[in-house]
Amino acid sequence: MARKGYVTLTLTLPSGARKYIYGKTKQEAQEKLDQAKMLLRAGIDLEDQTTVAEYAQMWYNVYKKPNLRQSSKASIVNALNVHILPYLGAVPIQDVTPMAIQNCVNHLSDKSRSLYRTVLQCLRAIFDCAVDDNLIIRSPVPKRMKAKGVKKTPVRALTVEQEKTLLEALDGTRAYLFCWFLLKTGMRRGEALAVMRDALNIKDLENASVHVKRNLVFVNGKSVLEETPKTDAGFREIPLPRDLAEAIRDQMSKSYSLFLFPMKNGEMMNENSFRAMWGLVKARKKPDPQFVKKQKEKKIPDRHPDVKRIIDFDVTPHMLRHTYATRCIEKGMDVKEVQYLLGHTDPALTMKIYADYCEEQRKAGTFSKARSAMSRGAASE
């Protein structure tokens, strides 16, 4: 089975079948033949034609599906179906080269760094397992390859004045208690949405607290209530300020739902209902003048004509969590205390918040000293 213009060598496999080795030169063909013989001696079945898609499915079913949380499984399935298998799925796993891996991840350059990292971790895990299963002798994923992609915009804490503005803007809405709760507990969005009556200790308002014991995630538009927090460190008890505890107690006395933040019908919050609630926050944010101009040019009606737009800063649930951490640091709490309250498994995450805060404070102090030194009347040399 010769190829025109190529040198062809033949290797007889243990099954008796023949494998043809091609090279542009005799030396290249001989090197490939020697490589094939080495693989045979290492126990690699050169007749195996398992594709990346077939092996990735087995890897996911055996190693990931039984052990991961819903949100983590969804992340891996997305990485496989959208970012790996369209590029490598039909290729026999023995034929994947480092260049093919590079071509697979090239399209991620304008995606988030976290997505790039997830895809790279999946590729490493799949091909490392293939090595363990003697399908290949070494992984084609280069060890030097690192996650690139677009870095996330650093999360900024709200100022005390911005906290006040946010709550004033939301007063009387469903989003008011939710934002107040995040600002004073630092809980993750899913942890807050999963708070039920049995997690609230609000009989004694002076010693009120909330126990973090569950997590609510949205997967493919569906709500999944996980009976454990995001991490083992997520199990924690967070003190509640008296005024917030009193508001929560009043809210629960008027509600028949088991959840602190349910849908209007009392059931567990779903993704559409959460978006509607958070839409109350977005509606109060001052829009970009250029956006308003384009809306008017297109004759698109204002969806919230009666809403007073007074929020002139960005705000997300995660920013409220970050704000809580910053307030804790400002009150003199040490790293371990903040780590516990935030439910961080890795102290490096808490340390980064500390470092960012200290850097901003140091910069503000430096600027203040510089202005003072350069002001009129300052001593000069």
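Modeller: First, a definition: a salt bridge is a side-chain nitrogen of Lys or Arg within 4 Å of a carboxyl oxygen of Asp or Glu. This is a predicted model, where local features need pLDDT of at least 70, side-chain atom pairs count only at pLDDT 80 or more, and totals for chains, interfaces and linings use all residues. Residues are numbered from 1 along each chain as its sequence is written, and side-chain values use heavy atoms, with hydrogens and water left out.

Colleague: Okay, R327 and E163 meet in a salt bridge, but how far apart in sequence are the parts that this pair ties together?

Modeller: The side chains of R327 and E163 come to 2.3 Å, N to O, in their salt bridge. R327 sits in helix α12 (residues 317-330) and E163 in helix α6 (residues 160-170), where helices (H or I, at least four residues) and strands (E, at least two) are DSSP runs numbered from the N terminus. So the parts that the pair ties together are apart in sequence by 164 residues.

Colleague: Which residues are linked with E163 in a network of salt bridges?

Modeller: Both E163 and R327 are buried, meaning under 20% relative accessible area (exposed is over 50%, partly exposed in between, with a 1.4 Å probe and protein chains only). The network of salt bridges links E163 with R327 and E330.

Colleague: What about E226 and R69: how many residues apart in sequence are the parts they tie together?

Modeller: That salt bridge has an N to O distance of 2.3 Å, and E226 and R69 are both buried. E226 belongs to strand β6 (residues 222-226), while R69 is in the loop between α2 (52-64) and α3 (70-88), so the parts tied together are 157 residues apart.

Colleague: E271 and R275 both lie in one helix; which helix is that?

Modeller: The closest N and O atoms of their salt bridge are 3.1 Å apart. R275 is exposed, at a relative accessible area of 55%. The two residues are 4 apart, about one turn of their helix, α10.

Colleague: Now the inside: which helix gives the most to the largest nonpolar core?

Modeller: A nonpolar core is a set of buried Ala, Val, Leu, Ile, Met, Phe, Trp, Tyr and Cys residues joined through side-chain atoms within 4.5 Å. The largest one has 56 residues, and L166, F181 and I248 touch the most other members. The top contributor, with 8 residues, is helix α7.

Colleague: How many residues of α7 are buried?

Modeller: Among the buried ones are F178, W180 and F181. Helix α7 is largely enclosed by the rest of the structure, because the buried count out of its 12 residues is 9.

Colleague: And what residue follows α7?

Modeller: Its phi is positive, near 70 degrees. F181 touches it too, along with I248, L260 and others, not counting residues up to four places away in sequence (touching means heavy atoms within 4.5 Å). The residue is G186.

Colleague: Last one: what is the radius of gyration of the chain?

Modeller: The chain has 14 helices and 7 strands. The radius is taken over C-alpha atoms, and the globule rule (2.2 Å times the number of residues to the power 0.38) gives 21 Å for 381 residues. The chain is more spread out than a compact globule, because its radius of gyration is well over that value, at 29 Å.
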